[in-house]
Amino acid sequence: MAVTAPPSARTADHVLADLRGAGYIAEPSTATIVHLADILHKPVLIEGPAGTGKTELAKSAAAAAGKQLIRLQCYEGLDESKAIYEWDYRRQLLQLQLHKETGTTSLTEAGIFGAEFLLSRPLLTAIRSEAPVVLLIDEVDRLDIESEALLLEVLSEYQVSIPELGTVTARHIPQVFLTSNNTRDLSEALKRRCLYLHLGYPAAEREAEIITLRVPELTGHLAREIADLVALLRTTGLKKPPSIAESLDWARTLVALGADELTDEVTRQTLSVLLKYERDIETALADLSLA
């Protein structure tokens, strides 16, 4: 197990080792950005194709640091009540009914806007946390521009403004990761608040190393065969190139089948684990001369 260095003595090499200890093999440039983001208290915006390890990087960073991971899964139409906070209207109504006979006419006097009536969603939960956390804002490119604007105060000031209560400032600045699959361009306002990191598909040598680490039952030469074939398939214009996760699924499939070699027959029988469109399977079989 890697020994965690004191914060003042930590380097990008420590981050690289910590990520590997959490099962994530990163490039030195990736570890450098994660390290700088932690020092500068800046979010990391990770862009790249689906399945290149963007979400897994945030999860591994949390595991390596022993921090809770708080995840906001983005989608079209996400609003403040699902991303930041909302009031517990049922409890507020009960509170008003309890004060009905006192003649209270002011909502504030009725005490319905106390912190005990506030329901924290992921962003506010991260801000209010008593301990340091990792905040993952996943697939931020799925938000519309209006919803994206909800993130700006949190990412620039690490605070949330609640009209009825005031401003809630982070006790501990969260380590923030945003992921994007590049389905749309993000706003300049969001980008300038972040450090930028692009994650593409790894080289075959790196992917073989990832497969060996995550599927240790697999023989080393078979891991390299898988990585080489996957790298080749990614150059053939598939509708959905295989992701790293699918490479790992394929490796586990071969272990389950007791395969020692990546034979033509084994490849034909298991290619649907790697590829998820019939057209892609047909293309791959033709390109590999297995049709």
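In the predicted model, strand β2 (residues 68-73) is paired with β5 in the parallel sense, and six bridges connect the two. Within this pairing, Arg 71 is placed opposite Leu 136 of β5. Strand β5, which spans residues 133-138, also has a parallel partner in strand β8 (residues 175-180), to which four bridges join it. Here the bridge partner of Ile 137 is Leu 178 of β8. Strand β8 is in turn paired with strand β1 (residues 44-47), again in the parallel sense and over four bridges; in this case Val 44 has Phe 177 of β8 as its bridge partner.

These pairings belong to an open sheet of five strands, arranged in the order β2-β5-β8-β1-β9 with parallel pairing. The edge positions are taken by β2 and β9 (195-198); each has a single partner strand, so one side of each remains without a neighbour in the sheet. From one strand to the next, the twist averages 20°.

The environment of β5 was examined residue by residue. The strand is mostly covered, with six of its six residues buried. In a regular strand, side chains alternate between the two faces of the sheet. For β5, both faces are covered: Val 133, Leu 135 and Ile 137 are buried on one side, and Val 134, Leu 136 and Asp 138 are buried on the other. Two of the residues named in the bridge pairs above are thus found on opposite sides of β5, Ile 137 on one and Leu 136 on the other.

With regard to the cysteines, the structure contains zero disulfides. Cys 74 takes part in none, the nearest cysteine sulfur being that of Cys 194 at 12 Å. This separation does not meet the criterion for a disulfide, because that requires a pair of cysteine sulfur atoms within 2.5 Å. Cys 194 is likewise in no disulfide, and its nearest cysteine sulfur is that of Cys 74, 12 Å away. Cys 74 is classed as buried because its relative accessibility is 0%. Cys 194 is also buried, with a relative accessible area of 10%; both values satisfy the definition of buried, since this applies under 20%.

On the surface, a nonpolar patch is formed by Leu 36, Ile 39 and Leu 40, whose accessible area together is about 270 Å². Leu 36 lies in helix α2, which covers residues 28-40. At 34% relative accessibility, Leu 36 counts as partly exposed, because that class lies between the limits of under 20% for buried and over 50% for exposed.

Methods:
Residues are numbered from 1 along each chain as its sequence is written. This is a predicted model: local features need pLDDT of at least 70, side-chain atom pairs count only at pLDDT 80 or more; totals for chains, interfaces and linings use all residues. Side-chain values use heavy atoms; hydrogens and water are left out. Patches are made of residues with over 30% relative accessible area and no salt bridge: like charges are joined within 9 Å, nonpolar side chains (Val, Leu, Ile, Met, Phe, Trp, Tyr) within 5 Å. Accessible areas come from the Shrake-Rupley method with a 1.4 Å probe; for residues, only the protein chains shown count as cover. A salt bridge is a side-chain nitrogen of Lys or Arg within 4 Å of a carboxyl oxygen of Asp or Glu. Buried means under 20% relative accessible area, exposed over 50%, partly exposed in between (1.4 Å probe, protein chains only). Two strands pair if DSSP finds at least two bridges between them. Axes are lines fitted to C-alpha atoms, for helices over the stretch in contact, and angles run from 0 to 180 degrees between N-to-C directions.
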